[in-house]
2 protein chains.
Amino acid sequence: MTPNAKTDNLVLRLWFIMHRTRDVLRSCEDKVFGKYGLTAEQYGVLAVMKVLGGSVRVTDLARGLGRSANSVSMIVDRMVKAGLLRRERDRRDRRTVRVSVTNKGEVAFRPATVAGLELIREITSPLSYEDKRTFVSLHEVVKHKALQYVNPEADIEEMGRNDITNRPDLVKRLRQYLSTSTGEG
Amino acid sequence: MTPNAKTDNLVLRLWFIMHRTRDVLRSCEDKVFGKYGLTAEQYGVLAVMKVLGGSVRVTDLARGLGRSANSVSMIVDRMVKAGLLRRERDRRDRRTVRVSVTNKGEVAFRPATVAGLELIREITSPLSYEDKRTFVSLHEVVKHKALQYVNPEADIEEMGRNDITNRPDLVKRLRQYLSTSTGEG
């Protein structure tokens with residue numbers, strides 16, 4: 001086998017396992033969040049809403065989720081029907097639609113976050129702190145290249161600054177919702 | 001910050017970035033596979049069909065994808081309508097439905113696999129061979145724990161043997177479809 005073929009085999013394996021891991025993780029999340037009346041997808045939307053804070057334009061929500069505005073609009077529709085989100089017109093620009101989290105969404109989000117953290121603690125428990133850091137770094141590299149690939153024209157440094165996962169207060173904002181936890185923080 | 005809080009912060013960060021990376025990767029894949037008339041999801045189904053080989057029961061396809069039979073049934077419906085898959089009754093057990101890849105599906109799959117490998121090569125290009133191996137191993141650990149979590153009753157060793165990403169011939173089966181590549185293997 002040539003070195004290229006060897007690398008290709010590893011790359012194919014990595015590709016498969018990234019997808020498989022995320023699909024299994026999603027099944028875990030559906031199981032956990034289902035107890036609070038949320039799908040994993042809906043929880044993800046609420047989490048990004050909470051990190052962005054307040055009422056959010058659908059375009060910003062889509063950017064935060066790294067998904068197309070169209071697909072996010074459909075998810076938002078279902079979440080409005082389910083009473084988790086509320087749609088409102090922008091006060092300054094009536095053409096712009098904003099969404100915010102309803103009280104029902106708030107009530108579901110808090111214990112779901114506690115349960116979600118418990119899940120992620122559990123499934124990453126065999127990894128040392130250093131392993132976890134390495135895992136984050138490897139994801140960062142691949143995510144950065146993937147963002148470049150999908151938006152070759154974009155200013156990648158600016159995209160990085162706007163990327164929700166790069167926000168220094170990301171974790172802090174989520175940790176607020178862990179206050180019903182055992183207070184070990 | 002207590003050691004637990006420090007680990008929780010890292011775990012929350014890892015959780016977010018795993019999702020974000022896969023979502024951006026999915027956007028890249030939709031872009032690449034769209035050239036061959038496939039969504040990323042449809043390509044994933046064809047890839048698992050190809051690894052399993054021949055005509056496949058929907059339940060086995062769902063297991064291969066690590067998704068629920070219900071959601072896979074819906075994807076299969078759309079792919080049958082799009083002419084990518086064909087449904088057939090099992091010859092021995094008429095109650096069992098099997099699916100197989102149509103000629104149209106075959107024609108799309110081959111160049112899509114070449115283009116998909118090109119994409120994954122590109123977005124993992126900053127990682128060394130060792131980094132890639134580490135990335136695979138870290139995914140293996142998390143996937144294993146997640147499988148245990150979602151199926152606490154299941155025999156995890158048997159699940160591992162049945163897990164498509166653990167098949168020793170996984171990469172070999174996919175490499176067959178790379179023969180239209182530049183033949184560098």
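Here is a walk through this two-chain structure, from one chain on its own to the way the copies meet.

Keep in mind that we're looking at a predicted model. Let's start with chain A. Reading along the sequence, you meet the pattern α-α-β-α-α-β-β-α-α-α-α, and the tally comes to 8 helices and 3 strands. Laid out along the principal axes, the C-alpha atoms of chain A fill a box of roughly 60 × 45 × 30 Å. Of its 185 residues, 37% count as buried. As for how the chain folds back on itself, take the contacts in chain A with a separation of 6 or more: 52% of them link residues 24 or more positions apart.

Now for the strands. In chain A, strand E3 (residues 97-101) pairs with strand E1 (residues 56-57) through 2 bridges, and the two run antiparallel. If you want a spot to click on, Val56(A) has Val99(A) as its bridge partner in E3(A). E3(A) also pairs with strand E2 (residues 85-89) of chain A, again in the antiparallel sense, over 5 bridges. Here Arg89(A) stands opposite Val97(A).

Switch to chain B and you can see how such pairings add up to a sheet. Its 3 strands form an open, antiparallel sheet in the order E1-E3-E2. Which strands stand at the edges of the sheet in chain B? They are E1 (56-57) and E2 (85-89), and because each has a single partner strand, one side of each is left without a neighbour in the sheet. On the E1 side, 2 bridges join E1(B) to E3(B), with Val56(B) partnered by Val99(B). On the other side, E2(B) and E3(B) (residues 97-101) share 5 bridges. Among the pairs there, Leu85(B) stands opposite Val101(B), and Arg87(B) has Val99(B) as its bridge partner. So Val99(B) is the bridge partner of both Val56(B) and Arg87(B), in keeping with E1 and E2 standing at the edges.

Next, how do the two chains relate? Chain A can be laid on chain B with an RMSD of 0.0 Å by a turn of 180° and a shift of 0.0 Å along the axis. That's the relation of a two-fold axis. The same surface serves both copies, since 100% of the contact residues of chain A recur in chain B.

That brings us to the interface itself, where 63 residues of chain A are in contact with 63 residues of chain B. On the chain A side, the elements giving two or more residues are helix H1 (3-34), helix H5 (103-123), helix H6 (129-150) and helix H8 (170-175). H1(A) supplies the largest share, with 24 residues. By type, the chain A side divides into 32 nonpolar, 15 polar and 16 charged residues.

For a closer look at one piece of that interface, find H5(A) where it packs on helix H1 (residues 3-34) of chain B. Their axes lie 10 Å apart, at an angle of about 95°, which means H5(A) is roughly perpendicular to H1(B). Leu117(A), Ile120(A) and Arg121(A) make the contact from H5(A), while H1(B) brings Asp8(B), Val11(B), Leu12(B) and Trp15(B). The residues of this contact divide into 5 nonpolar and 2 charged, with no polar ones.

Conventions:
Residues are numbered from 1 along each chain as its sequence is written. Chains are lettered from A and ligands numbered from 1 in the order in which they are written. This is a predicted model: local features need pLDDT of at least 70, side-chain atom pairs count only at pLDDT 80 or more; totals for chains, interfaces and linings use all residues. Two residues are in contact if their C-beta atoms, placed from the backbone, lie within 7 Å. Helices (H or I, at least four residues) and strands (E, at least two) are DSSP runs, numbered from the N terminus. Ala, Val, Leu, Ile, Met, Phe, Trp, Tyr, Cys and Pro count as nonpolar, Asp, Glu, Lys and Arg as charged, and the others, Gly among them, as polar. Copies are superposed by least squares on the C-alpha atoms of residues with pLDDT of at least 70 in both. Two strands pair if DSSP finds at least two bridges between them. Axes are lines fitted to C-alpha atoms, for helices over the stretch in contact, and angles run from 0 to 180 degrees between N-to-C directions. Angles under 35 degrees count as roughly parallel, over 145 as roughly antiparallel, 65 to 115 as roughly perpendicular and the rest as oblique. A residue is buried if 20 or more other C-beta atoms lie within 10 Å of its own, exposed if 12 or fewer, and partly exposed in between; C-beta atoms are placed from the backbone.
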